[in-house]
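Q: Hey, I've got a protein model open and I'm not sure how to read it. Can we go through it together?

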Amino acid sequence: MQSSYRLNARDLDQRFLEALKTLFQDKEIEIVVYEVDETAYLSKSETNRNRLLRAIENAENGTNLVEVNLEEFE
């Protein structure tokens, strides 16, 4: 059996460990930890990569930005 979890390191707590123990009981498990780079995942496709690059360029140049009035959402 294989399970994959994606969570923030600050969310690792005793409940998570207990859930793993319950799920796998007396089986030997291997835990592999690596840092997730969201932009690497999103830029796998050329379309997403181009969109991200345009968004970065827009943010840097202050163009094509959408202003949101947060008070409207209160």
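A: Sure. One term before we start: helices are DSSP runs of H or I with at least four residues, strands are runs of E with at least two, and both are numbered from the N terminus. Also keep in mind that this is a predicted model.

Q: Okay, so how many helices and strands are there in the protein chain?

A: The protein chain has three helices and zero strands. Read from the N terminus, the order is α-α-α.

Q: How far can I trust the prediction? What's the mean pLDDT of the protein chain?

A: The mean is 89, and 100% of the residues reach 70 or more.

Q: And which element has the lowest mean pLDDT, and which the highest?

A: Helix H2, residues 38–42, has the lowest at 76, while H1 has the highest at 93. As a general habit, where pLDDT is low, don't read the predicted coordinates in detail.

Q: New topic: overall shape. What radius of gyration does the protein chain have?

A: The protein chain comes out at 20 Å, whereas a compact globule of 74 residues would be near 11 Å. Along the principal axes, its C-alpha atoms fill a box of roughly 55 × 40 × 15 Å.

Q: How much of the chain counts as buried, then?

A: Just 5% of the 74 residues. The chain exposes about 7,700 Å², and carbon and sulfur atoms supply 49% of that.

Q: Can you give me one residue to look at? Say Ala 9: is it buried or exposed?

A: Ala 9 sits in the segment before H1. It counts as exposed because its relative accessible area is 59%, and the cut-off for exposed is over 50%.

Q: How far is Ala 9 from Val 68?

A: Their C-alpha atoms are separated by 31 Å, and the two residues are 59 apart along the chain.

Q: What about aromatic pairs, how many are there?

A: The count is one aromatic pair. Tyr 5 and Phe 16 form it, edge-to-face, with 5.3 Å centre to centre and 85° between the planes. Tyr 5 is in the segment before helix H1 (14–24) and Phe 16 is in helix H1, 11 residues apart, so the pair links distant parts of the chain.

Q: Back to exposure for a second: where does Tyr 5 fall?

A: Tyr 5 is partly exposed, because its relative accessible area is 41%, and that label covers values between 20% and 50%.

Q: Last one: how many positive and negative side chains are there?

A: The protein chain has 9 positive and 16 negative ones, and the centres of the two sets lie 7 Å apart.

Terms used: Residues are numbered from 1 along each chain as its sequence is written. This is a predicted model: local features need pLDDT of at least 70, side-chain atom pairs count only at pLDDT 80 or more; totals for chains, interfaces and linings use all residues. Side-chain values use heavy atoms; hydrogens and water are left out. The radius of gyration is taken over C-alpha atoms; the globule rule is 2.2 Å times the number of residues to the power 0.38. Buried means under 20% relative accessible area, exposed over 50%, partly exposed in between (1.4 Å probe, protein chains only). Accessible areas come from the Shrake-Rupley method with a 1.4 Å probe; for residues, only the protein chains shown count as cover. Lys and Arg count as positive and Asp and Glu as negative; His and the chain ends are not counted. The place of a charge is taken as NZ of Lys, CZ of Arg, CG of Asp or CD of Glu. Rings of Phe, Tyr and Trp (its six-membered ring) pair if their centres lie within 6.5 Å; planes under 30 degrees apart count as stacked, over 60 as edge-to-face and the rest as tilted. pLDDT is the predictor's confidence in each residue, from 0 to 100.
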